[in-house]
Structures are given as C-alpha cells and as structure tokens.
Amino acid sequence: ELYGGIRKPMQNFKGTLALLVAAGCCVAPDMAHAFQLVREEADIRLVDGTPAICIPEKAKGSFPVANLLLLEYYTLESESWAIRLKDDAKPMKLKPGNCIAYGSIPDGYERDGPDNRENFQLKLNTTYYFQAIRHIPTLWYFRTAIYESTFCLKSDADGTLSIQKKSACPDFSR
C-alpha cells in the first residue's frame with residue numbers, strides 16, 4: 001500500500017463521501033419542511049404622495065430585495081409595475097422602517113415584465129397588492145421571504161391623500 005501516495009487519501013475521501021451521502025439521505029426529508037417562503041404584512045406609507053412598501057419597524061434585521069410588484073388586486077388583466085435585481089448586482093438591503101416607493105428604480109434594478117411599460121396611474125378607491133421578495137442566493141431558511149400588503153388610496157374631504165388597509169377599501173367584499 002502507498003501511504004504517502006494516492007491510495008490512502010483516496011480511501012479517506014471515499015469514506016467521507018459515503019458518510020456525507022448517507023447523512024444527506026437521512027436529513028433531506030426533514031429539510032424540505034424547514035424551507036418555506038414565510039409571508040408577513042408590510043407597512044404601506046405615502047412617500048412624497050406615492051405609495052411605498054416598507055419593512056415593519058419590528059422586523060429583525062435587514063431585508064435584501066430581489067423583486068417588487070404592485071398590481072390591481074381584483075382584476076385578472078390588471079396593470080402592474082415590477083422591478084427586479086439585475087444579474088450580478090448586489091441587492092438593496094432595507095432596514096426596518098425603510099421603504100421603496102412605487103415607480104422608483106434603485107441602482108442595480110431594472111423594470112420587469114413582458115413589455116417594461118411605463119408606470120400606470122394609481123386610482124382612488126381601487127385595491128392594490130404590493131409585494132417585496134427577498135433575495136435568496138442559496139436555498140436556506142429565512143424568517144421572512146416575502147413582505148406583502150393590500151391597500152387602497154382614499155382622498156379626504158380636504159383632498160388629502162391617504163393609504164387605507166384592504167378592509168376599508170370599497171371593493172373588499174368581492
């Protein structure tokens with residue numbers, strides 16, 4: 001036998017590989033249940049008169065954003081606005097309380113969608129769904145993978161614009 005040569009290290013490698021494969025077979029069924037896309041309620045605020053999706057103040061840690069989506073809630077052919085992280089770009093990390101406004105395209109992101117059309121006009125008393133998806137470079141468990149919220153825009157008697165949760169929206173009962 002070659003001790004300083006190749007045979008002994010190769011036996012160690014094969015033994016280690018066999019152990020890793022055996023351990024992986026035993027653990028893999030449990031890991032499938034550990035990974036899930038946990039969804040939590042986002043905060044929606046007006047930033048300079050525009051709806052913005054915000055990471056809640058109570059969130060733990062920053063949230064690296066991969067995608068944003070805003071669309072009308074009840075229509076199948078609704079207009080939408082979406083952005084995504086460009087290939088090889090670093091994701092923006094939103095800290096608790098930080099927001100990204102509809103229509104903005106931060107550095108490292110681009111419009112997403114079939115035609116990359118211009119922003120659509122938001123309407124009063126229409127229900128919208130806003131979603132932020134976490135950038136997940138590898139398959140792993142994260143406390144929150146998606147922040148989402150459903151809201152509508154209302155105008156007060158004096159013309160002041162406000163954000164309302166979906167229960168206050170006129171078409172909520174559909």
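## A walk through a strand-rich model

Let's start with a charged pair: Arg45 and Glu57 form a salt bridge, and their closest N and O atoms are 3.9 Å apart. This pair joins distant parts of the chain, since Arg45 sits in strand E2 (residues 43-47), while Glu57 belongs to the loop between strand E3 (50-54) and strand E4 (63-72). Along the sequence, 12 residues separate the two. Arg45 is partly exposed, at 30% relative accessible area, whereas Glu57 counts as exposed because its value of 58% is over the 50% cut-off. Keep in mind, as you look around, that this is a predicted model.

Now step back and look at the whole chain. The protein has 1 helix and 11 strands. Reading along the sequence gives the pattern α-β-β-β-β-β-β-β-β-β-β-β, with the helix at the start and the strands after it. Of the 174 residues, 31% are buried. The accessible surface comes to about 11200 Å², and carbon and sulfur atoms account for 55% of that area. How much of the contact network joins residues at least 24 apart, among contacts between residues at least 6 apart in sequence? The share is 60%.

Back to the charges. In total, the model has 6 salt bridges. Another of them pairs Glu41 with Lys165, and here the closest N and O atoms are 3.2 Å apart. This pair also links distant parts of the chain: Glu41 lies in strand E1 (residues 39-41) and Lys165 in strand E11 (residues 161-165), with their positions 124 residues apart. Are these two partners buried or exposed, or something in between? Glu41 has a relative accessibility of 44%, so Glu41 counts as partly exposed. Lys165 is partly exposed too, at 41%.

A further salt bridge joins Asp87 and Arg84, with 3.8 Å between the closest N and O atoms. Asp87 is exposed at 63% relative accessibility, while Arg84 is partly exposed at 25%. These two residues do not stand alone: Arg84, Asp87 and Glu110 are linked in a network of salt bridges.

Glu110 also leads us to a residue of another kind. Ala82 is in contact with Glu110, and also with Leu68, Leu69, Arg111 and Asp112, leaving aside neighbours within four places in sequence. Ala82 is found in strand E5 (residues 80-85). At 13% relative accessible area, Ala82 counts as buried, because that value is under 20%. You can also compare the positions of Ala82 and Leu71: they are 11 residues apart along the chain, and their C-alpha atoms are separated by 8.6 Å.

From here we can turn to the inside of the protein. In soluble globular proteins, nonpolar side chains tend to be buried together. In this model, the largest nonpolar core has 23 residues. Which of them touch the most other members? They are Ile53, Val65, Leu68, Leu70, Trp81, Phe130 and Phe151. The elements giving two or more residues to this core are E4, E5, strand E9 (127-134) and E10. E4 provides the largest share, 4 residues.

Leu70 shows how such a core member is surrounded. Not counting residues up to four places away in sequence, its contacts include Trp81, Tyr102, Phe120, Tyr128, Phe130 and Phe151. Those aromatic residues have links of their own: ring pairs join Trp81, Tyr102, Phe120, Tyr128, Phe130 and Phe151 into a cluster.

The model has 6 aromatic pairs. In one of them, the ring centres of Tyr102 and Phe120 are 5.6 Å apart and the planes meet at 55°, so the pair is tilted. Tyr102 lies in the loop between strand E7 (99-101) and strand E8 (109-111), and Phe120 in the loop between E8 and E9, so the pair ties together parts that are 18 residues apart in sequence. Both residues are buried: Tyr102 has a relative accessible area of 10%, and Phe120 has 4%.

Our last stop is Thr150, in strand E10 (residues 146-155). Thr150 is buried, with a relative accessible area of 10%. Beyond its neighbours within four places in sequence, Thr150 is in contact with Tyr73, Thr127, Tyr128, Tyr129, Gln164, Lys165 and Lys166. Two names there should be familiar: Tyr128 belongs to the aromatic cluster, and Lys165 is the salt-bridge partner of Glu41.

Note on methods. Residues numbered from 1 in each chain as written. Predicted model: local features only at pLDDT ≥ 70, side-chain atom pairs only at ≥ 80, totals over all residues. Heavy atoms only, no water. Salt bridge = Lys/Arg side-chain N within 4 Å of Asp/Glu carboxyl O. Buried < 20%, exposed > 50% of the residue type's maximum accessible area, 1.4 Å probe, protein only. Contact = heavy atoms within 4.5 Å. Areas by Shrake-Rupley, 256 points an atom, 1.4 Å probe, with all protein chains shown as cover. Core = buried A, V, L, I, M, F, W, Y, C linked by side-chain atoms within 4.5 Å. Phe/Tyr/Trp six-rings, centres within 6.5 Å; stacked < 30°, edge-to-face > 60°.
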